[in-house]
Amino acid sequence: MQRRRLLAVAAALVVASGCSSQDDEAPPSVSAPSSSASESSDGAREAVEAYVRALNSRSATELISVGGVEDQEWSRQEAERILADRGGRGWKIKDVRIQHDMGPDVGSARLFAEDRAGESLRDTFTVTREKGAWHLTVFTGQPAEPGKESAATDEPRS
């Protein structure tokens, strides 16, 4: 009885090793990104680089442009707050990682930079492409359009 089990196990091992397909032995294929995916990543990276240039030059106009918002009083005020916090520090990009995790026109960008004093800047942005131009979501205070209410973040009242 034990001899039959050993033979059955041995036979199963022989069959299993013989059943491996050539796909198991072939090296994994790495497909190159499509040209549109590559262009998307390049455009999103350029937007991150433009953001860093805007910070370094303390340019509210450039920051508004890379943010893809209208040049209005609210956006100027928010740009000035961002520049007061991070502007003019001589940021040098150490790494930018772009992921199109939400489709070809929307994704995320991770920025790792260092200023002249050696302080690190790590930030994550949503990147969006509208009419061929990439923008970073850096402005959070955009007012609601007239006639539309913004989403409430307060606790519901009962």
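1. A good place to start is Y51: its relative accessibility is 2%, so Y51 counts as buried. Please keep in mind that this is a predicted model. F125 is buried too, at a relative accessible area of 5%.

2. These two residues meet. There are 2 aromatic pairs by the ring-centre rule, and one of them joins Y51 and F125: the ring centres lie 4.9 Å apart with the planes at 65°, so the contact is edge-to-face. Because Y51 belongs to helix 3 (residues 35-57) and F125 to strand 3, the pair ties together parts that are 74 residues apart in sequence.

3. W74 and F139 also form an aromatic pair, again edge-to-face, with 6.1 Å from centre to centre and 85° between the planes. This contact links distant parts of the chain, 65 residues apart: W74 sits in helix 5 (residues 73-86), and F139 in the segment after strand 4. Both W74 and F139 are buried.

4. Now to the strands. Four of them make an open sheet in the order 1-2-3-4, paired antiparallel. Strand 1 (92-99) and strand 4 (133-136) are the edges, each pairing on one side only. From one strand to the next, the twist averages 30°. Strand 3 (residues 120-130) is joined to strand 4 by 4 bridges, the two running antiparallel, and T128 stands opposite H135 of strand 4.

5. Finally, have a look at helix 4 (residues 60-67), whose buried residues are A60, L63, I64, V66 and G67. Viewed down the helix axis, they fall within an arc of 165°, so they line one face of helix 4. After the helix comes G68, with a positive phi near 70°.

Key
Residues are numbered from 1 along each chain as its sequence is written. This is a predicted model: local features need pLDDT of at least 70, side-chain atom pairs count only at pLDDT 80 or more; totals for chains, interfaces and linings use all residues. Side-chain values use heavy atoms; hydrogens and water are left out. Buried means under 20% relative accessible area, exposed over 50%, partly exposed in between (1.4 Å probe, protein chains only). The arc is that of the directions from the helix axis to the C-beta atoms. Two strands pair if DSSP finds at least two bridges between them. Axes are lines fitted to C-alpha atoms, for helices over the stretch in contact, and angles run from 0 to 180 degrees between N-to-C directions. Rings of Phe, Tyr and Trp (its six-membered ring) pair if their centres lie within 6.5 Å; planes under 30 degrees apart count as stacked, over 60 as edge-to-face and the rest as tilted.
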